[in-house]
Amino acid sequence: MIQRYSHSTLYVTDQDATREFYVQKLGFELRMDQELGGFRWLTVGPKGQPDFQLILMKIGADCGDDAEAAAQLRALLAGGKLGAAGVFETADCRKTHEELSAKGVEFLGPPEEMFYGVEAVFKDPSGNRFSLTQPKKM
């Protein structure tokens with residue numbers, strides 16, 4: 001029986017820049033950074049969610065020797081066609097938007113009222129986009 005979802009893969013173009021973004025700008029915890037014979041296992045997670053790890057997987061790390069496939073994935077990610085779509089919850093979207101913007105996080109627009117709460121969309125250095133959402137109180 002499946003008990004929980006513990007890891008999710010996020011494709012990135014530069015693991016060092018992405019690690020800095022998630023740890024320094026978003027305030028995530030570094031969970032694992034280990035070299036395994038030329039392969040780097042790098043995970044981070046929100047401080048309030050210790051049982052979840054976001055795998056920062058460098059494009060090409062799991063493509064074998066297929067440089068063409070890796071180049072296609074990089075192009076799709078850079079063009080905003082492949083990036084992850086996820087939701088990070090916050091208690092105050094407008095305040096968190098201000099704090100993250102001051103740290104250099106690139107938002108696609110200001111926080112907006114939506115039917116499900118207040119949302120602002122941002123992207124990481126690789127082009128992955130995420131919703132920063134303050135859920136509507138029911």
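This is a short tour of the structure above, stop by stop, with something to select at each one.

**Before you click**

You're looking at a predicted model, in which local features need pLDDT of at least 70 and side-chain atom pairs count only at pLDDT 80 or more, while totals for chains, interfaces and linings use all residues. Residues are numbered from 1 along each chain as its sequence is written, and side-chain values use heavy atoms, with hydrogens and water left out.

**Stop 1: the whole chain**

Show everything as a cartoon and colour by pLDDT (the predictor's confidence in each residue, from 0 to 100). The average for the protein is 91, and 96% of the residues score at least 70. Among the elements, helix 2 (residues 67-78) has the lowest mean pLDDT, 85, and helix 3 the highest, 98.

Now follow the cartoon: there are three helices and nine strands. Helices here are DSSP runs of H or I with at least four residues, strands are runs of E with at least two, and both are numbered from the N terminus. Starting at the N terminus, the order is β-α-β-β-β-α-β-α-β-β-β-β. The radius of gyration is 16 Å, close to the 14 Å that the globule rule gives for 138 residues, so the protein is as compact as a globular protein of that length. (That radius is taken over C-alpha atoms, and the rule is 2.2 Å times the number of residues to the power 0.38.) Along its principal axes, the C-alpha trace spans about 50 × 35 × 30 Å.

**Stop 2: helix 1**

Select residues 15-25, which make up helix 1. Which of its residues are buried? They are Gln-15, Thr-18, Phe-21 and Tyr-22. Seen down the axis, these fall within an arc of 125 degrees, so they line one face of the helix. Buried means under 20% relative accessible area, exposed means over 50%, and partly exposed is in between (1.4 Å probe, protein chains only); the arc is that of the directions from the helix axis to the C-beta atoms. Spin to the face turned away from the buried side and you'll meet the exposed Asp-16 and Gln-24.

Strands 1, 3, 4, 8 and 9 are included in what covers the buried residues. At the start of the helix, zoom in on Asp-14: one of its side-chain oxygens reaches to within 2.9 Å of the backbone nitrogen of Asp-16.

**Stop 3: Gly-27**

Step just past helix 1 to Gly-27, which takes a positive phi of about 80 degrees. Gly-27 sits in the loop between helix 1 and strand 2 (29-36), and its relative accessibility is 23%, so it counts as partly exposed. Leaving out residues up to four places away in sequence, Gly-27 touches Tyr-22 and Lys-47, where contact means heavy atoms within 4.5 Å.

**Stop 4: Arg-40**

Next, pick Arg-40 in strand 3. Is this arginine buried or exposed? At 15% relative accessibility, Arg-40 counts as buried. Show its side chain and look for two partners: a polar contact of 2.8 Å joins it to the side chain of Asp-16, and another of 2.8 Å joins it to that of Asp-33. (A polar contact is a pair of N or O atoms within 3.5 Å; within protein, one must be able to donate a hydrogen and the other to accept it, and residues adjacent in sequence count only if both atoms are side-chain atoms.)

**Stop 5: helix 3**

Select residues 93-102. Cys-93, Thr-96, His-97 and Leu-100 are the buried residues of helix 3. They cover an arc of only 105 degrees around the axis, which puts them on the same side of the helix. Glu-98 and Ala-102 are exposed on the other side. Just after helix 3, Gly-104 has a positive phi of about 95 degrees.

**Stop 6: the core**

Finish inside. The largest nonpolar core has 21 residues, and those with the most contacts inside it are Tyr-22, Leu-26, Leu-56 and Phe-122. Such a core is a set of buried Ala, Val, Leu, Ile, Met, Phe, Trp, Tyr and Cys residues joined through side-chain atoms within 4.5 Å. Strand 8 gives the largest share, three residues. Click Phe-122 last: leaving aside neighbours within four places in sequence, its contacts include Phe-21, Leu-26, Phe-88 and Phe-130.
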